[in-house]
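The following exercises practise the reading of a protein fold, from the whole chain to a single pair of residues. Please examine the structure before consulting each solution.

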Amino acid sequence: MSLPEPLAEDIRAAMDSFGGARPAMLESLRLIQHAEGWVSDARLAEVAELLGVTPAELDNLATFYSMIFRRPVGETVILLCDGASCWLNGADAVRDAVMARLGIGFGETTGDGKYTLINCACLGGCDHAPAAAVGRDRRLVGPLAPEDLAPLLEAAP
Amino acid sequence: MSETPMTGRARPDRTPHSLAEWRAEAGYEAVERALKLTPAQVLDRVDQANLNGRGGAGFPAAQKWKFMADPAEAPGTGPNYLIVNGDEMEPGAFKDRFLLEALPHQVIEGAIITAYATHATVAYVLIRDEYRPGIAAMKRAIAEAEAAGLLGRDILGSGFSLTMKVKPSAGRYIVGEETALIESLEGKRAVPRKRPPFPAQSGLFGRPTTVNNVETISLVPHILANGPQWFRALSRTEEGGTKLYAVSGRVNKPGLIEAPMGTTARELIERSGGLSGNGKLRCFQPGGGASGFLEEAELDLPLDFGHCKTAGSMFGTGTMIVLDQTACPIGVLARHQRFYARESCGWCTPCRDGLPWVARILDALEEGTAEPGDLEILRMTAAEAGPRGRSFCDLMGGAMAPLATGLARFGDLFEAHLDGGCPIRRGVL
C-alpha cells in the first residue's frame, strides 16, 4: 500500500509551510500517526522518499520524540500521568486499578488490541489530578478514581 | 481596566472568542496602538513595564528583545523569527494550556506586537501535541485574523507584515528549552545548543530569533493598551504585572489564579480552598518541579523571581506544588527525578547518567532498600552536577534544585527512610 494521496498532500503542504523537507519531518510523522495510529517501517520509508531524506534520518527523529509511536498501539491510547501532583492525589491507586483491569503495564497493549497504556508527565492537568489523556484526541480526564475506570474505558473511542 | 487583564475575558468553559467577539471586548486595540508607534517605542514601553519572561528563567522580556538585530544588518539573508513557546510540560504547570485554549486571540495580539518590536516577520507557535484544544483554537484564530487583515501583509495599513504558524510538537520536555526548541523546528533531535551564540544572534535557520513563553506574550498587549505605569502598578513588587499562578498537590481546589506579582503562598493556598490531607503544611515548591522546597516560614514571601531566588528557591513557572504533613517530599522528589531522567536529551553525561542514578536511589529510599552510602551519592550529585555550566542547558541544574533543598531541609526524613522505607507511609512519623 503506498502513501494515500491526501496524506502526501498534507506532507507537501507542511514542506511549504515550515521551510522545506527537514523542518517538515516531525510534522509528517505526526500526520501519519494521526491517520493510522502509529508509524510503520513501510510508511517511514515512503515518507522519507517523498521528503527526499533517508529513512535513517527520519527514524532518528522518530525515535527521539516520545509521542511518535514506532510500534502498533491499541485503538485507545491512555496517557496516564505519573507526575508529582497526580501522585499526591492518588494516582498510584488509579494506576494499579488500570493495570489490573487491562492486565498490562506501562508501554504495553492489550491482547485484543484495544488499549495501550503509557506513563506520561506532566499532562498539564494538575487541576484535575489524578489525570489522564485518553484516545486519539487526547481528551483530558480527571480527577480519576479507581471506580471511574470501568465507564471511562467502555466509553473510550 | 481590570485587575485580571490576562484572564478576565476568558469564559469559564474555556470556549475561545471568535474574532468578532474578541473585537467587541477591545480585542486588537493594543495592536492598533502599537503599530502607530515605532518598534523602538514599543520596546521602550515593555522595558518600562518590567515584564519578566514567564517561561521559567524570568529574564526581562525587553532585554531579550533588545538583542534582536534589524534583519538587514544581520549577516546572511532571511527574516527575523519569533517563537511562542507553548511546549508546557514542567511538573505542576497547566497555565499555558488555559491561555492557548481560552484566549488564542490574545496570544496573536501579543505575537504581532512582539514581532513588530523585534523586526520579526515570521512567528511560530510551538504547542505540545497533547494540547489538542489549544492547537485547534490557535489555528482557528490565526485563520480568522488572516482573513481580517490582522495577520499577513501590511497589517492594518502599517506596512508591517507577519506570517504566523502553529507547529505541534510530539513529546519530550526538553523541547521547551529555547535552543532545543529551535533545533526541533529545524527538524532535528531537540538537543540544546551551546551558547553563545544566543538565539537573538543566530537562532532558527541561523537568523535572529526571539523565544517567549505563551504567558509572556499574553501579557504584552496589556502593556500597550494601558501603559507601562499601570502594568507595574498591577504588581506588589518591582517585577511588573499580574501572574497566572497555578496551585496543585494537596489543596482542596487546585486551579489557576491570576493575581498581582508578589502574591504570597498563604493567599494562593487559601484561594485554592486551603490545604487538603491533614490541613497542616509540610512544604511547597513555588515554581514547578525544578524549584527548591520552601516551608511554613516562607508562606508570606512575595512570590516573584527575585524573592524566590533570595529565599533559595526559584519562581520558575510560578506553578506551586503543595504538600501537607501526610505527604512525603522524598516521594515527590522520586517522581520528579524519574521524570527528568526520562526527559533528558542524553547529550551531557552528568544529566544522562546522573539523573537515572538519583531516581533509582530515591525509589530505593521509598521502598526501604536504600543503603546509608546512598545519601552521600545524592548529596554529591546535587553538589557536583547541579551548578550551571556543567551541562549545555539547565535541565540537570533545575532537577538538582529540589533535591539539594530537600536534603538541606529534610535531612532527618531522608535518614528515616533508611530504616525500612517511607516513614510517613508506614505511619511511624
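**Exercise 1.** How many helices and how many strands does chain A have?

*Solution.* The model under study is a predicted one. Counting the elements of chain A gives 7 helices and 5 strands. The next step is to place them in order: along the sequence, the pattern of chain A reads α-α-α-α-β-α-α-β-β-β-β-α.

**Exercise 2.** Describe the division of chain A into domains, and then its overall extent and burial.

*Solution.* Begin with the division: domain 1 of chain A covers 5-62, and domain 2 covers 76-155. Next, consider their separation, which is 29 Å between the C-alpha centres of the two domains. For the extent, the box filled by the C-alpha atoms of chain A, along the principal axes, is roughly 50 × 30 × 25 Å. Finally, 45% of the 157 residues of chain A count as buried, where a buried residue has 20 or more other C-beta atoms within 10 Å of its own.

**Exercise 3.** In the sheet E6-E5-E8-E7 of chain B, which strands stand at the edges?

*Solution.* First, write down the order: the open sheet has 4 strands, E6-E5-E8-E7 in chain B, with mixed pairing. Strand E6 (255-260) and strand E7 (281-285) of chain B each have a single partner strand, so they stand at the edges, and one side of each lacks a neighbour in the sheet. On average, neighbouring strands of this sheet are turned by 30 degrees against each other, direction ignored.

**Exercise 4.** In which sense do strands E5 and E6 of chain B pair?

*Solution.* Strand E5(B), residues 242-249, pairs with E6(B) in the antiparallel sense, over 6 bridges. As a detail, Gly255(B) in E6(B) lies opposite Val247(B).

Definitions and conventions
Residues numbered from 1 in each chain as written. Chains lettered and ligands numbered in written order. Predicted model: local features only at pLDDT ≥ 70, side-chain atom pairs only at ≥ 80, totals over all residues. Domains from an automatic or database assignment. Helix = DSSP H or I, 4+ residues; strand = E, 2+ residues; numbered from the N terminus. Buried ≥ 20, exposed ≤ 12 C-beta atoms within 10 Å, placed from the backbone. Pairing = 2+ DSSP bridges. Axes fitted to C-alpha atoms, helices over the stretch in contact; angles between N-to-C directions.
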